[in-house]
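Subject: A structure for you to look at

Dear colleague,

I am handing over the structure below, and I would ask you to keep it open beside this message while you read. My notes on what was found follow directly after it.

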Amino acid sequence: MNDTQAPNRPTIQASELPTLAGRSLEPSSWLEITQERVNLFADATSDHQFIHTDPERAARTPFGGTIAHGFLTLALLPHLMAEKMPRPTSVTMGINYGSDKVRFIQPVRVGKRIRACQDILEVTQKSRAQWLLKVRVTVEIENVEKPALIAEYLILWIVR
């Protein structure tokens, strides 16, 4: 998880990580999904389907305009989560460890803003220096009833 994006994030002692289990964190700040970001993601992944990159054609679909790739929304989780996720003070690094479940519920229209709501489901000490967190992340879309996605996201903290 990238700390350059969240320099004032909360901290916690590694030994206190188990106290996070069962906690809900405050929602992250809103992040606008721009056409430029969608186009850059399309270039990075070679996924140039018109519903993502052609505003005129996409306007004639049920979406009414271009939408973000579902995997772009998923790829933004480390950024969205970092702001509110407590970081161990003795951390060497945080690693995206995977996902147990991911569901794309609602497309994100370009121009909309999203944020992450986090519920820490489990905290497991894998070794003296490794802590695994399972976090249910719901990505909300501003002024839209259904979320963009719900995932059980795994973070591995490596501590000194």
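By the rule used for ring pairs, the count in this predicted model comes to one aromatic pair. The partners are Phe71 and Phe104, whose rings are 5.4 Å apart from centre to centre, with 70 degrees between their planes, and the pair is edge-to-face, because planes over 60 degrees apart are counted that way. Phe71 lies in helix α4 (residues 70-75) while Phe104 lies in strand β4 (residues 91-104), so the pair ties together parts that are 33 residues apart in sequence. As for their surroundings, Phe71 counts as exposed, since its relative accessibility is 56% and the cut-off for that word is over 50%, whereas Phe104, with a relative accessible area of 40%, is partly exposed.

Another ring to look for is that of Phe50, because the charged end of Arg57 sits over it, 3.9 Å from its centre, which fits the requirement that this distance be within 6 Å.

Two further residues are worth finding in the strands and loops. Arg87 is part of strand β3, which covers residues 87-88, and with 22% relative accessibility this residue counts as partly exposed, given that buried would require a value under 20%. Between the C-alpha atoms of Arg87 and Ile158, which are 71 residues apart along the chain, the separation is 11 Å. Asn143, in turn, has its place in the loop between β6 (130-141) and β7 (149-159), and at a relative accessible area of 75% Asn143 is exposed. Its C-alpha atom is 8.8 Å from that of Lys112, although the two residues are 31 apart in sequence.

Stepping back to the whole protein, you will find five helices and seven strands, and from the N terminus on these elements run β-β-α-α-α-α-α-β-β-β-β-β. The C-alpha atoms fill a box of roughly 55 × 30 × 30 Å along the principal axes. A compact globule of 160 residues would have a radius of gyration near 15 Å, and the protein has 17 Å, which agrees. Of the 160 residues, 41% are buried, and the protein exposes about 8500 Å², of which carbon and sulfur atoms supply 48%. Finally, if you take the contacts between residues at least 6 apart in sequence, 73% of them join residues at least 24 apart.

With best wishes

Definitions and conventions
Residues are numbered from 1 along each chain as its sequence is written. This is a predicted model: local features need pLDDT of at least 70, side-chain atom pairs count only at pLDDT 80 or more; totals for chains, interfaces and linings use all residues. Side-chain values use heavy atoms; hydrogens and water are left out. Helices (H or I, at least four residues) and strands (E, at least two) are DSSP runs, numbered from the N terminus. Buried means under 20% relative accessible area, exposed over 50%, partly exposed in between (1.4 Å probe, protein chains only). Rings of Phe, Tyr and Trp (its six-membered ring) pair if their centres lie within 6.5 Å; planes under 30 degrees apart count as stacked, over 60 as edge-to-face and the rest as tilted. A charge sits over a ring if NZ of Lys or CZ of Arg is within 6 Å of the ring centre and within 35 degrees of the ring normal. The radius of gyration is taken over C-alpha atoms; the globule rule is 2.2 Å times the number of residues to the power 0.38. Contact means heavy atoms within 4.5 Å. Accessible areas come from the Shrake-Rupley method with a 1.4 Å probe; for residues, only the protein chains shown count as cover.
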